[in-house]
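Q: Could you take me through one part of this model up close? I'd like to see how a single piece sits among its neighbours.

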Amino acid sequence: MRPPKKTIHVISSWIQRQPPKVKAFLAVVAGMVALVLLRAIVHDHDNLFIAAEAVHSIGITVLIYKLSKEKTCAGISLKTQELTAMFLAVRLYCSFVMEYDIHTLLDLSTFAATLWVIFMIRFRLKSSYMEDKDNFAMYYVAVPCAILALLIHPSTSHHIINRIFWAFCVYLEAVSVLPQLRVMQNTKIVEPFTAHYVFALGVARFLSCAHWVLQVLDSRGHLLTALGYGLWPSMVLISEIVQTFILADFCYYYVQSVFGGQLVLRLPSGVV
């Protein structure tokens, strides 16, 4: 019998040889299969959203462990952490004024942990911060999200400011990981703890996306109506799908690296 690792390596090599369109098709098929499995296994799909936030918290915990144990922040994007703190702060505000629940508590713990990571990078471990590699301008992300939120936001009965803030945090969350991907693109080598963190983000994004897609399917589209009218319902789904596919490529190479027994993840050109 062929060893499992060898089989996985053969499949991985075959996928790498395929053209981009075939890879995209395989990714969509894999995503659909995963959604079918989640729909069969998880009966209360709200648990997927809670799981997404929990996995995000685990990812931040991995970063905290790295900073505490290795005393270095090399390979970590400060800008991604600041964008994460920004959308979490806005989402916490919206939660307090619009709907306070278990998600608020999870966001609060993740927000506090993210602030600690930012503090460590900016002050305690500043000498190891790779500022030259973390060169993605934050306004390239924040400004378009703010403009989009002004134009497309929920049509609920809440105050207009709260609705704009809600839309802003949805859009910003979708693209907040881009500076981290730029750092990895610049270095081409991702050490284990940073790779674990980014993979956790990818899993969290997928679970969040699965939550929304399955909710729409189960409600036969009524959920979109409940979210309001106009472009907003579609933008919520698009944002979830975008943030999932942004990390899909990296997650593939992460899984390949883990099964290959590699401690350090080396990214080929063109990835992320």
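A: Here's a walk along one helix, followed by a stop at a single cysteine. Keep in mind that this is a predicted model.

Let's start with helix H5, which covers residues 102-124. H5 has 23 residues and reaches 32 Å from its first C-alpha to its last, close to the 33 Å expected at 1.5 Å a residue.

Now, which parts of H5 are tucked away? The buried residues in H5 include His103, Thr104, Leu106 and Asp107, and further along you'll find Thr110, Phe111, Ala113 and Thr114 buried as well. Val117, Ile118, Met120 and Ile121 are also on the buried list. Here's a handy rule for reading a list like that: an α-helix has 3.6 residues a turn, so residues three or four places apart point the same way. As for partners, the buried residues of H5 pack against helix H3 (46-70) and helix H4 (78-98).

What does the record add? An unreviewed UniProt entry lists residues 104-125 as a transmembrane region, and residues 48-68 as another. In the model, the 104-125 span is 95% helix, with its end C-alpha atoms 30 Å apart. The 48-68 span is 100% helix, and its end C-alpha atoms also lie 30 Å apart.

Last stop: cysteine 145, in helix H6 (residues 139-151). Cysteine 145 counts as buried because its relative accessible area is 6%, and the cut-off for buried is under 20%. Leaving out residues up to four places away in sequence, cysteine 145 touches Phe168, Tyr171, Leu172 and Val175. Cysteine 145 and glutamate 173 are 28 residues apart in sequence, and their C-alpha atoms are 9.6 Å apart in space.

Methods:
Residues numbered from 1 in each chain as written. Predicted model: local features only at pLDDT ≥ 70, side-chain atom pairs only at ≥ 80, totals over all residues. Heavy atoms only, no water. Helix = DSSP H or I, 4+ residues; strand = E, 2+ residues; numbered from the N terminus. Expected span 1.5 Å × (residues − 1). Buried < 20%, exposed > 50% of the residue type's maximum accessible area, 1.4 Å probe, protein only. Contact = heavy atoms within 4.5 Å. UniProt positions renumbered as here; feature names shortened; annotations may be inferred.
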